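Hi,

Here is the structure I promised to pass on. Have a look at it first, and my notes follow underneath.

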Amino acid sequence: MPLEALLQSERAAAVAADALVLMRELFPLVRSITGDGVRRTLDGVEAWIPLTRHEVPSGTPAFDWEVPNEWNVREAHITDVATGRRLVDLRDHSLHLVSYSTPLRALLTRAELEPHLHSLPDQPDAIPYRTSYYRETWGFCLSQRQRDALAACGEGPFDVVIDSTLAPGHLTYAECRVPGQSNDGADEAVVYTHVCHPGLANDNLTGIAAAAALARELLAGPRPRLTWRFVFAPGTIGALTWLARHEAELPRIRAGLVIGLLGDGGALTYKRSRRGDALPDRAAELIVPAAGGRLIDFEPYGYDERQFCSPGFDLPFGRLTRSPNAAYPEYHSSADNLDFVQPEALAGSLQCLAGLIGAIDANQTWRNLSPKGEPRLGKRGLYGLTGGAGPGQFEHALLWLLNQGDGHHDLIDVARRSRLPLPLLARAAAALVQAGLLAPADAHSFQPFNEEGTSP
Amino acid sequence: MPLEALLQSERAAAVAADALVLMRELFPLVRSITGDGVRRTLDGVEAWIPLTRHEVPSGTPAFDWEVPNEWNVREAHITDVATGRRLVDLRDHSLHLVSYSTPLRALLTRAELEPHLHSLPDQPDAIPYRTSYYRETWGFCLSQRQRDALAACGEGPFDVVIDSTLAPGHLTYAECRVPGQSNDGADEAVVYTHVCHPGLANDNLTGIAAAAALARELLAGPRPRLTWRFVFAPGTIGALTWLARHEAELPRIRAGLVIGLLGDGGALTYKRSRRGDALPDRAAELIVPAAGGRLIDFEPYGYDERQFCSPGFDLPFGRLTRSPNAAYPEYHSSADNLDFVQPEALAGSLQCLAGLIGAIDANQTWRNLSPKGEPRLGKRGLYGLTGGAGPGQFEHALLWLLNQGDGHHDLIDVARRSRLPLPLLARAAAALVQAGLLAPADAHSFQPFNEEGTSP
Amino acid sequence: MPLEALLQSERAAAVAADALVLMRELFPLVRSITGDGVRRTLDGVEAWIPLTRHEVPSGTPAFDWEVPNEWNVREAHITDVATGRRLVDLRDHSLHLVSYSTPLRALLTRAELEPHLHSLPDQPDAIPYRTSYYRETWGFCLSQRQRDALAACGEGPFDVVIDSTLAPGHLTYAECRVPGQSNDGADEAVVYTHVCHPGLANDNLTGIAAAAALARELLAGPRPRLTWRFVFAPGTIGALTWLARHEAELPRIRAGLVIGLLGDGGALTYKRSRRGDALPDRAAELIVPAAGGRLIDFEPYGYDERQFCSPGFDLPFGRLTRSPNAAYPEYHSSADNLDFVQPEALAGSLQCLAGLIGAIDANQTWRNLSPKGEPRLGKRGLYGLTGGAGPGQFEHALLWLLNQGDGHHDLIDVARRSRLPLPLLARAAAALVQAGLLAPADAHSFQPFNEEGTSP
């Protein structure tokens, strides 16, 4: 079905249910910023949408950074030697191992082990999420209850096994490209989601599944105006690597959305781009409050909007989440599990994203071809023929589009100023184009009625 | 008396009383967008002020439109053949005939007649106002009670007579020009009011009478800074025709006001120009709220501001009404009669318009001729001579004008920033000009003390 | 101690106590816009800080003005001849004589004397402050009780003595210059205070003492970024003379503060510059509300900001007072005495001024030297090394500075947008400069770690 169908609650609920199936499948994988966990995750996504995969060798520079060694792990556990009891086991939960832990096979006393353990005393049942990508070390994350049980075993020794490899390999990311009409497809928009977090459902299986679902719906509908690129990549180093490898393409990007954390019970939260008034920000002003959400200003902490909005790029990227990063108690712990994700919250996020993508994609700027005085709409069948009783909402939309059609006001401007719904304005614009009264203002414009998806 | 006198309640009440006499005389005329009803209306206005009349032939193009055939009507009625009863007669009310109805003389059944009847079931005593300028048809407007009475006559036949002509002729409009000083009179302002509505008092005999009264007062006073053009023309096609015939003069226009609907009990409502910050908008920010009124944003529906503010012109035209179009139940029906107009409301509108016109006309931009530090006002007799006790309001006005006199702030800016009354600032500016401390900032400036009305 | 120490309440209280000692010493001097009262006042200031003095001859032009004759007075009194009672004597209070009174030695009747007397009937114990700089006359200011007592003496005669001189001489002003690093010291800031008022403590011994104290602290600390000039000069003609004599230096001025009236019980009041968004205005937005104060818009009445903000200069000068001029009952009368000044109010003013001067001086604009994506802070020891748990406030400051480091946002912008304290941001900027990640954006920039005070 086309993306617009997602604006309907029923369709959004059905797609959210699909998404939860995908998330359930992806949940157990041991993801990190590199390695097979990412590859298996992309396999799952590829069951829904076609992906172009990229494997970038370790050591490849990305501005101030470089692609690190690839990390994979087969097993990791701590056993009390005295009793033979397995106290912590990666098989039980993918958060148990600090991401990028170096290999280890050793008998350790508790004193030696303790500095490598991470727990949350205030949330005794939750396993924290910890990483150490750029300092070679190792560690285990466990619930406070597990840690207490380990302490009850006395001073050890403990048999500690981390069967990992950290060696030259690749960083993996993938894209799904939905070609657009405008400018022969060279006007682009990006949806970016991070694929590196293990064992956390809201952060970020919701983002992965939502991106996959949106791409699937967009592929199923008429060719959009913009070329939409859905990027699945690890956080920070993935975004940096993507920016470095696609730097020449960046000037084509009209809008970008970083998405994630779309299934918790918090209100939808759109974080503005660094510019504050970029295209996605303006679309969000229309769409997000109407969906019960709120907008917050940019700050240079969060997800990969940090990289897209660094001053050397300053790209028009906003971010949509429900609760922002670190703004809910379950954040970055095993309490962010599949049960934590609310299907209706995820469905609402999908509706809002469909609205945002739709508004960004529809945001043509128009030129009135009969700009001196109002054109006679009546003789073109666009206006009530007996005067005196006033126009309806569609006729108001026609008048607004003609009035603002000076090549300087885009559809979002007109929607904001007229307080008319953007889809109504888009339909009215189509009628005026057909009547020869309106034309796209930009040189490289799309054919609004070409639903076959061929570029002009 | 000069226009400023209208700022006083007593004078405004007297002029409103005059205006009501004129409105009473004009009320019965069968006006439309062309024809003798407009000509007789202008005759009435000409008893007050000199007019230059324009007769534009049918078929004359006006952008996407052209001047239609001229329409005149002598009589129109519906008679129940069975009883000889005259059920509807144009002689009773000029709204009874759909404007531009084609000629007809026929015996019709009720079934044939019904599709040509217009009534307001919810307002059973009111006759609606309907037109059909651009689709050749005919129709009668009648109260629901009349329509019920007609239905009570059974199936007819009915003798239907419309003795009208619709044939090549002319569209009529007129202007009263009050020459100004600035730029040899080439800096202009426009007051525009529509003269096409029959049988409605608020819409728009109030606008016609107010424009006539304002022009009369302005002609009686000292020569204004701007040349003020008062335009009396039919709605839409009249405005388009005026724009087409005066297109070369449009760059001279510094401000325009569309006026009408000035006598109902609603609050004064200034509708901003498309630009939103044009000169009349800025004047209205000062004047209208102080008169108890409000400002609303531009929208491309309403009166002839639609044409003046189309994107091909984007002229600095605002609109002053009391209730906006379609915002009162009596709108476009026979309930908008002479009794509906409140004399004190009309007087208040005249006061507000005198303020607006005064502010627009006074809105010079000044240059301080002694801009480095404050000039010594004391030695020029403009300031209290013993220091320490602080200045009065007039001295504050002097300081504000000197401080803002950088050629970039006009009198409205200074009034807004200083919160001092515009007339006080205008007097202070005159004193500073006389003292050689201030000069108009624009090349083509007027002589503020030339009260004889001769151009410089 | 360096200026920053003044941000602490204890240090501010100690400096305010010092200032009150200086004020007590300066209080009895008969100050005016010229003469020995000003010179003795500057002697008192010079005990604290080095001054460069300027003596400008009478007749020297200053734009629309010129330096007046110098005025000095030795004695002035009124004696009831009948009783030999000294009714008014300048020795009792320096406000008793109208400033610039011409010499006189005469026996006068009460009728002749009355037009030359000034009192405040509503404040019977207060002596008003009156001047007559530019109209040659004489007068006495006295309390209403004294005036009643004089009236009780009957019709006189009264022996009236004014032993003054009004003759060609000089206008005196002085500067204390604290050299800065930026642009070889050529980027300047000014603190201006008026030294002309006799016998008023809040207006303006508080301004004089505060300026002296701030200069003293600034001289004791590390070399500031800007060259700070503290100007002690008479009001109006002093400011005009200073502007005229230093006109070529005005383009160097980045910010200016007029200060005075810093010891009354009113809230701190920052008056914006004419521009409204100049550097000191932006600093004040950060500093003054946090100190419990408020900002008000510019108006062209007040103290010497009138001259600095005249349109021919339009300098970036704001003003800090507690109550504004004329906004307290004791204003310009003998009730504005040393007891009227509250030590804790003066201390609070000093704290606020230290904050303002600090913010203006620290307001560098930075450029991120690694602007594409975030640089790796971890490898530079600037960031927590185990991921997942989120950054602290210092790390947020680093991220904000890097993100806004595009050469267009100064430190005040970053403080406003990030809501982080300006001193924290300044420390974080220093760390980033040291790490090679940030550099000053302007060509003529200072060395932030050069505490020896040598220019680069």
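Residues 70–165 of chain A are 14% helix and 34% strand, and the C-alpha atoms at the two ends of this stretch sit 8 Å apart. I picked that range since UniProt lists it, in an unreviewed entry, as "domain: DUF2172". Do keep in mind that this is a predicted model.

Zooming out to chain A as a whole, the secondary structure comes to 12 helices and 19 strands. The C-alpha atoms fill a box of roughly 95 × 40 × 35 Å along the principal axes. Of the 456 residues in chain A, 61% are buried. If you take the contacts in chain A with a separation of 6 or more, 81% of them are between residues 24 or more positions apart.

On the surface side, chain A exposes about 16,200 Å², and 50% of that comes from carbon and sulfur atoms. As for charges, chain A has 42 positive and 54 negative ones, and the mean positions of the two sets are 5 Å apart.

Now the aromatics, where I spent most of my time. How many aromatic pairs does the structure hold over all chains? The count is 33. One of them joins B:Phe63 and B:Phe313: the ring centres are 5.3 Å apart and the planes meet at 65 degrees, so this pair is edge-to-face, the cut-off being over 60 degrees. The two partners are 250 residues apart in chain B, so to speak from distant parts of the chain. B:Phe63 lies in the loop between strand E2 (61–62) and strand E3 (65–66), while B:Phe313 lies in the loop between helix H8 (305–308) and strand E16 (317–321).

Are these two rings buried or exposed? B:Phe313 has a relative accessibility of 12% and therefore counts as buried, as that is under 20%. B:Phe63, with a relative accessible area of 28%, is partly exposed.

Another pair to look at is C:Tyr133 with C:Tyr134. Their ring centres are 6.2 Å apart and their planes are at 80 degrees, so this pair is edge-to-face too. C:Tyr134 has a relative accessible area of 33%, which makes it partly exposed.

Back in chain A, which residues do ring pairs link into a cluster? They are A:Trp65, A:Trp71, A:Tyr100, A:Tyr133 and A:Tyr134.

That's what I have so far. Over to you!

Cheers

How values were computed:
Residues are numbered from 1 along each chain as its sequence is written. Chains are lettered from A and ligands numbered from 1 in the order in which they are written. This is a predicted model: local features need pLDDT of at least 70, side-chain atom pairs count only at pLDDT 80 or more; totals for chains, interfaces and linings use all residues. Side-chain values use heavy atoms; hydrogens and water are left out. Helices (H or I, at least four residues) and strands (E, at least two) are DSSP runs, numbered from the N terminus. Buried means under 20% relative accessible area, exposed over 50%, partly exposed in between (1.4 Å probe, protein chains only). Contact means heavy atoms within 4.5 Å. Accessible areas come from the Shrake-Rupley method with a 1.4 Å probe; for residues, only the protein chains shown count as cover. Lys and Arg count as positive and Asp and Glu as negative; His and the chain ends are not counted. The place of a charge is taken as NZ of Lys, CZ of Arg, CG of Asp or CD of Glu. UniProt positions are given in the numbering used here, feature names are shortened, and annotations may be inferred rather than shown by experiment. Rings of Phe, Tyr and Trp (its six-membered ring) pair if their centres lie within 6.5 Å; planes under 30 degrees apart count as stacked, over 60 as edge-to-face and the rest as tilted.
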